[in-house]
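User: Hello! I am new to this structure and would like a close look at a single part of it. Could you take me through one helix, and then show me a little of what lies elsewhere?

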Amino acid sequence: MEATEREIEAFRERVQALREKLDRAAGGREYTLLAATKTQSAEVINLLPSVGIADYGENRVQEWLEKREKINQSLRFHQIGRLQSNKIKYIIDHVVLIHSVDKRELAQDIDKQAKKHGKCVDILLEVNAAREAQKGGVAPEGLLPLYEACAQMENVRVRGLMCMAQNTPEESVVRATFRKARSLFEELAAQDPQFTILSMGMSQDACIALEEGSTLVRLGTSLFGRRAGYDNTVTEGYKE
Ligand SMILES: *Cc1c(COP(=O)(O)O)cnc(C)c1O
């Protein structure tokens, strides 16, 4: 269904108001606003350029495959959810950044596919800074070994970190997690000039994340409203 002019205008105003809040939290720093588009139709995704958003992220390869042909090719596609090795081949020629690498084996599989396709793929390492048992991500002490292993690979380029905070309204808890991720990020950034992306912050905690140094926020609900047929409280419950 085509969006009406009035709907597009309302969307534009919502994004404008959101950006004002995010800009304040970023304190004048540049950051990327990525639209988390799981469950959204290609028609909705295609409204993003008209509100100044150039990046979108999908969680499930299968869902992306079903809508990709209808998605505006100028939009930049990110893989933001857990990625299974057998799905890498479907995204490798299209993805601009894979956010959630937390194991050496996964990085090796990405490296192998990238080589086969004659390219070098940008990845982020996901760190479980809050040490939550139910979450993906490498534990803080495993980060350096994982980074060093990936740095040896010819067809992946590690560009930074991704981190998710606890799902809690307690701001101090969330802030401490982002601060931890920021400090891990800076240690590696100090020795690697390509290590420049810190992907943290979702709808409920994007401002805190930007205050704590995020360079990329991933927003679904605050752009599109609550997702239907999806448990909004457990992001990582959305798996293949
Ligand atoms: C869904 C999702 C988001 C966005 O979540 P909202 O709370 O709707 O903003 C961000 N990151 C990942 C990995 C997601 O799966």
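Analyst: What follows is a walk along one helix, then a visit to the ligand and two single residues.

A word on the ground rules. This is a predicted model, in which local features need pLDDT of at least 70 and side-chain atom pairs count only at pLDDT 80 or more, while totals for chains, interfaces and linings use all residues. Residues are numbered from 1 along each chain as its sequence is written, and side-chain values use heavy atoms, with hydrogens and water left out.

Let us start with helix α1, which covers residues 5-26. Helices here are DSSP runs (H or I, at least four residues), strands are E runs of at least two, and both are numbered from the N terminus. With 22 residues at 1.5 Å each, α1 should span 32 Å, and its end C-alpha atoms are 31 Å apart, which agrees. The expected span is 1.5 Å times one less than the number of residues.

Which residues of α1 are buried? They are I8, F11, V15, L18, L22, A25 and A26. Viewed down the helix axis, the buried residues of α1 fall within an arc of 95 degrees, so they line one face; the arc is taken from the directions from the axis to the C-beta atoms. Buried means under 20% relative accessible area, exposed over 50%, and partly exposed in between (1.4 Å probe, protein chains only). On the face turned away from the buried side, α1 carries the exposed residues E5, R6, E13 and R24.

What do the buried residues of α1 pack against? Their partners are β1 (32-36), α8 (206-211), β8 (216-219) and α9 (221-224), where contact means heavy atoms within 4.5 Å. After α1 comes G27, with a positive phi near 60 degrees.

Now to the ligand. It is surrounded by 13 residues, and the closest are K38, N59, S203, T221 and R227; a residue counts as near if one of its heavy atoms lies within 4 Å. A polar side-chain atom of R218 is 2.9 Å from a ligand nitrogen atom, and a polar backbone atom of G220 is 2.9 Å from a ligand oxygen atom.

Finally, two buried residues. T177 sits in helix α7 (residues 171-189) and has a relative accessible area of 4%. N155 lies in the loop between α6 (140-151) and β6 (156-163), and at 12% relative accessibility N155 also counts as buried.

Notes: A polar contact is a pair of N or O atoms within 3.5 Å; within protein, one must be able to donate a hydrogen and the other to accept it, and residues adjacent in sequence count only if both atoms are side-chain atoms.
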